[in-house]
Amino acid sequence: MMFNIKSLATQLHKSNKKALLINSFRYGALFLLCGALTYSTHAIFELYTSAQSSHQQVSKLQKQALELSASLSEETALNRTLNATIEQKKQALTILNQRIDDMESVLGLGEKNKDLDLQKRVNTAAINSAVKATLFQLIPNGEPTPNVQLTSGFGTRVHPITKQRKRHDGLDFAAKSGTPIYAPADAVIEKAKSSKHGYGNQLILNHAMGFVSTYSHMSKFNVKAGQFVNKGELIGWTGNSGLSTGPHLHYEIHFLGKPLNPRPFVNWDIKNFDTIFKKEPNVQWASLLDTVGSMVEMQIQLASKNHEATFQTVNQPKSNPKQTNTP
Ligand SMILES: [Zn+2]
């Protein structure tokens, strides 16, 4: 019996040991499983977080791409507008060049100006055209009675009434009475003389630079002695007063008291600007052109300085009104 108890105890002991081993193994496996599960859960969570972050980054990048695309569209549109503006400026410059070419050709500057830059070409053309415009304003030019036939020239002739061979100091224009007469240049009215003899009703205009013009056989005056007139102003009307065979205008031009042939002055215009210099040798044209040239150059320089000053004033940054208004 003793043996049996001992044997039973041994058996129990063995059986407990086995159960303990199995349990230990089970718990070990369970622990490992739990560990694996925890690790997997953590890994899945990590992956999820990472995916979410990536998604956010993708969204951000997509937004940036959209913004860049919009910005690129704006830049492209701006670029297109700028290109169109450049093209317009180029066309304007071409037209400007063409106009300067035309102007130079009218002014007789020809090819000699072509090598200069645009600014110098414009300045030269401006001075040249201003000199010409000034001369045409100051020195008698053009017909005093436009579109009226010239019937008698300057020089010695047999007088139609006295039949004597005499110098004819002017031109006769066959204008019917009442034809308007216009000042051929700026002037002061030296005389407005009414008479029934000789030159009849006569106006004497005193121009700049030693030139004088006279208008005889007039019917009526539109100006008084001492009055200043501009080129083109109506000074009176033609008639048949004084020693005259019929209505006409007797027109004279004097330089320093000496009568000149008015014909080159009547024919003088921008297209044949130089011809008068050869046709009228009694005037020192070179000296006159120098004087008018320096006068005009000074005016252009002044105008250009005024223009620069205006430009600078316009482009100056505006002062802060808050600062200027502070007492
Ligand atoms: Zn005459």
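At 75% relative accessibility, Asn147 counts as exposed. This residue of the predicted model sits in the loop between H2 and strand S1 (150-152). Asn147 is not a glycine, yet has a positive phi of about 60°. Most residues other than glycine have a negative phi. His217, likewise not a glycine, has a positive phi of about 65°. His217 belongs to strand S8 (residues 211-221) and is buried, at 4% relative accessibility.

**Zinc site**

The zinc ion is coordinated by His168 through NE2, by Asp172 through two OD entries, and by His250 through ND1, at 2.0 to 2.8 Å. Along the chain these donors follow the spacing H-x3-D-x77-H. The two histidines link distant parts of the chain: His168 is in strand S3 (residues 165-168), and His250, 82 residues apart from it, is in strand S11 (residues 249-255). Why is His168 classed as buried? Its relative accessible area is 4%, and buried means under 20%. His250 is also buried, with 4% relative accessibility.

The angles among the 4 donor atoms run from 52 to 151°, and the site is irregular. A tetrahedral site would need all angles between 85 and 135 degrees, so a range of 52 to 151° does not qualify. Ideal angles for four tetrahedral donors are 109.5 degrees.

**Salt bridge**

The count comes to 1 salt bridge. It joins the side chains of Arg167 and Asp169, with 2.9 Å from N to O. Side chains of opposite charge can pair when their charged atoms come close. Arg167 is exposed, at 54% relative accessibility, whereas Asp169 is buried, at 17%.

**Helices and the nonpolar patch**

Helix H2 covers residues 118-138, which makes 21 residues. From first C-alpha to last, H2 reaches 30 Å, close to the 30 Å expected at 1.5 Å a residue. The buried residues of H2 include Arg121, Ala125, Val131, Lys132, Leu135, Phe136 and Leu138. An α-helix has 3.6 residues a turn, so residues three or four places apart point the same way.

Helix H1 spans residues 2-107 and contains Leu33. Leu33 is exposed, with a relative accessible area of 51%. Together with Tyr27, Leu30 and Leu37, Leu33 makes a nonpolar surface patch of about 460 Å². Leu93 is found in H1 as well and is partly exposed, at 42% relative accessibility. How far apart in space are the C-alpha atoms of Leu93 and Tyr27? They are separated by 96 Å, with their positions 66 residues apart along the chain.

**A second pair of positions**

Val229 lies in strand S9 (residues 228-229) and is buried, at 4% relative accessibility. Val229 and Pro184 are 45 residues apart in sequence, and their C-alpha atoms are 10.0 Å apart in space.

**Accessibility of selected residues**

The table collects residues discussed above.

| Residue | Relative accessibility | Class |
|---|---|---|
| Asn147 | 75% | exposed |
| Arg167 | 54% | exposed |
| Leu33 | 51% | exposed |
| Leu93 | 42% | partly exposed |
| Asp169 | 17% | buried |
| His168 | 4% | buried |
| His217 | 4% | buried |
| Val229 | 4% | buried |
| His250 | 4% | buried |

Definitions and conventions:
Residues numbered from 1 in each chain as written. Predicted model: local features only at pLDDT ≥ 70, side-chain atom pairs only at ≥ 80, totals over all residues. Heavy atoms only, no water. Donors = N, O, S within 2.8 Å, 3.2 Å for Na, K, Ca; no water. Tetrahedral: all angles 85-135°; square planar, octahedral: opposite > 155°, others 65-115°. Helix = DSSP H or I, 4+ residues; strand = E, 2+ residues; numbered from the N terminus. Buried < 20%, exposed > 50% of the residue type's maximum accessible area, 1.4 Å probe, protein only. Expected span 1.5 Å × (residues − 1). Patch = residues over 30% accessible without salt bridge, like charges linked within 9 Å, V, L, I, M, F, W, Y side chains within 5 Å. Areas by Shrake-Rupley, 256 points an atom, 1.4 Å probe, with all protein chains shown as cover. Salt bridge = Lys/Arg side-chain N within 4 Å of Asp/Glu carboxyl O.
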